[in-house]
Amino acid sequence: MAAKRFFDDSTSDPDSPTGRRIRSRPSLASVVGQAVVANSIQNLCMILEPMLKRVVGEEVEKTLKRCSRATLTRQPSNRIQALEPSTLQLVFPKTLTLPIFTGSKVVDTDNCPLQILLVEKLSTGCHNQMLPTTLPYPIKIEIVVLDGDFPSGDSQIWTSQDFDNNVLKERTGKRPLLAGDCLIVTMRDGVASIGDFEFTDNSSWIRSRRFRIGARVALGSTNPDGVRIREAMTEAFVVKDHRGELYKKHHPPSLEDKVWRLEKIGKEGAFHKKLASEGIKTVQDFLKLSTVNPSKLRKILGGMSDKIWEVTMKHARTCVMGNKHYIYKGHNCTIILNPICEVVRAVIEGQMYFTSDLTNNIRTYIQSMVREACTNWHTLEEVEGLFNETALLTQGDMVDQYPNYHQQGMVISYQQNGHRQANSSYFGAPVERRLQYSISESSSDGEYMPSKSFINGG
């Protein structure tokens, strides 16, 4: 009789019905988990879909605008330029007032808002002329900022695309480079005036460290003739942070300015400290000492080279003097001084003298009075508007030295008999001729040595 065969799970056929029945089935927990995950993904997609549509739509719109601008402006202008170079050009007729600081108004050398003119460039032989011209219709002009290195070298030739490629935008996270409500202006009759505008950022972050101000025909501006109008640009310049304005030099300086406002004298620098230690705190103090005792002033600034000395003195001599005068009275003598200790008029015992009439004793006496007046400056009588006419100088060097100061000399009235008579009155007498005189002496080092401008004239 055959032996019995026992069922063995290890030898069962996986394809048999019995094998399929014993496969593991997913649990309820896993089924529920898969359903939750699928539902979360579906909800996330529903949330992201409108956001993604909006972002994609914005990017597509920006791209279309850029392509449209390139098609409308650059390609036609390049085609026109290739066919016939334009003779029309925008120009800035005046240069800028420098230096320029952030937050300060940009103006021209006349301290007026910038202007733009339309000119026509004409070639006459080997010379080029720019003549003002007009258009029969108004056009819009856009003000932009350019890289200071554009155009390269000394080239004055560029295309509209070159110009556009060198227009600067603000740094990331910064405001637009130019702030103002007149950055697009209308040109009529060949002239456009730009209102107040200012820089919001300095120029140190670009390679050239310089900006230019440019002007171009604005996008969409009326131009029925289709002729290219060449862009305008200023000279390259540096824009400094506003805090640098606290240390800038004044051109011209004023009498009340601190002495470090003069060229080559830095605030808290070695020269500034030397001058301050001698009581020279203002430009007026500096000029008074340069008049009364220039050798002492030069000694104080002993470490200053002759070249730098000339630069400083030249700047100081542009100082605005105003119309104040100072009266100092001595024994039988009255002298009238300008704000920097120069003698404007002297009356000695009721008489006035020309330089040739002065004896050595009189010269020495007047010099002594000027030294006393300078030492006791705060006690002098101040008179404003003492003289109201321009002097006729016997020599012109004082006008060259101090171009912003105009004064009268002592008054000499010429009588009909040909003799001259001094007029000791300060005011009001008829004057046929006005003269000034000067005293020039030399002395050894350390002694008093008046400058040639000690008493005005020569």
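Q: Of the contacts between residues at least 6 apart in sequence, what share joins residues at least 24 apart?
A: Ground rules up front: this is a predicted model, where local features need pLDDT of at least 70 and side-chain atom pairs count only at pLDDT 80 or more, while totals for chains, interfaces and linings use all residues. Residues are numbered from 1 along each chain as its sequence is written, and side-chain values use heavy atoms, with hydrogens and water left out. A contact means heavy atoms within 4.5 Å. Take the chain's contacts between residues at least 6 apart in sequence, and the share that joins residues at least 24 apart is 66%.

Q: How many helices and strands are there in the chain?
A: Both come from DSSP runs, numbered from the N terminus: H or I over at least four residues for a helix, E over at least two for a strand. On that basis, the chain has nine helices and, for strands, 19.

Q: What percentage of the chain's residues is buried, and what percentage of the exposed area do carbon and sulfur supply?
A: Buried means under 20% relative accessible area, exposed over 50%, and partly exposed in between (1.4 Å probe, protein chains only). Of the 458 residues, 38% are buried. Areas come from the Shrake-Rupley method with a 1.4 Å probe, and for residues only the protein chains shown count as cover. The chain exposes about 27400 Å², and the part supplied by carbon and sulfur atoms is 52%.

Q: Which strands stand at the edges of the sheet that contains β13 and β14?
A: Two strands pair if DSSP finds at least two bridges between them. Here four strands make an open, antiparallel sheet in the order β15-β14-β13-β16. Two of them have a single partner strand each, so one side of each is left without a neighbour in the sheet: β15 (343-348) and β16 (381-384).

Q: What is the average twist in the β15-β14-β13-β16 sheet?
A: Axes are lines fitted to C-alpha atoms (for helices, over the stretch in contact), and angles run from 0 to 180 degrees between N-to-C directions. From one strand to the next, the twist averages 20 degrees.

Q: Which residue is the bridge partner of Ile-336 in β15?
A: β14 has partners to either hand: five bridges link it to β13 (residues 324-330), and another five link it to β15. Both pairings are antiparallel. In β15, whose six residues are buried, the partner of Ile-336 is Arg-345.

Q: Which residue in the turn of the β14-β15 hairpin has a positive phi?
A: β14 and β15 form a hairpin with five residues between them. The turn residue with a positive phi, about 70 degrees, is Cys-341.

Q: Which element gives the most residues to the largest nonpolar core?
A: A nonpolar core is a set of buried Ala, Val, Leu, Ile, Met, Phe, Trp, Tyr and Cys residues joined through side-chain atoms within 4.5 Å. The largest has 33 residues, and those with the most contacts inside it include Leu-90, Ile-141 and Phe-211. Elements giving two or more residues are β1, β3, β5, β7, β9 and β10. With four residues, the top contributor is β5.

Q: Which residue in β10 stands opposite Val-144?
A: β5 (residues 139-147) is mostly covered, with seven of its nine residues buried, and belongs to an open antiparallel sheet ordered β7-β5-β10-β11. Four bridges pair β5 with β7, and seven join β5 to β10. Opposite Val-144 in β10 stands Gly-214.

Q: Which side chain makes a polar contact with the side chain of Ser-208?
A: Ser-208 is in the loop between β9 and β10, and its 13% relative accessibility makes it count as buried. A polar contact is a pair of N or O atoms within 3.5 Å; within protein, one must be able to donate a hydrogen and the other to accept it, and residues adjacent in sequence count only if both atoms are side-chain atoms. At 2.9 Å, the partner side chain is that of Asp-147.

Q: Which residue's backbone oxygen lies 2.7 Å from a polar atom of the His-315 side chain?
A: His-315 is in helix α7 (residues 306-316) and counts as buried at 5% relative accessibility. Setting aside neighbours within four places in sequence, its contacts include Lys-249, His-251 and Glu-263. The backbone oxygen 2.7 Å away belongs to His-250.
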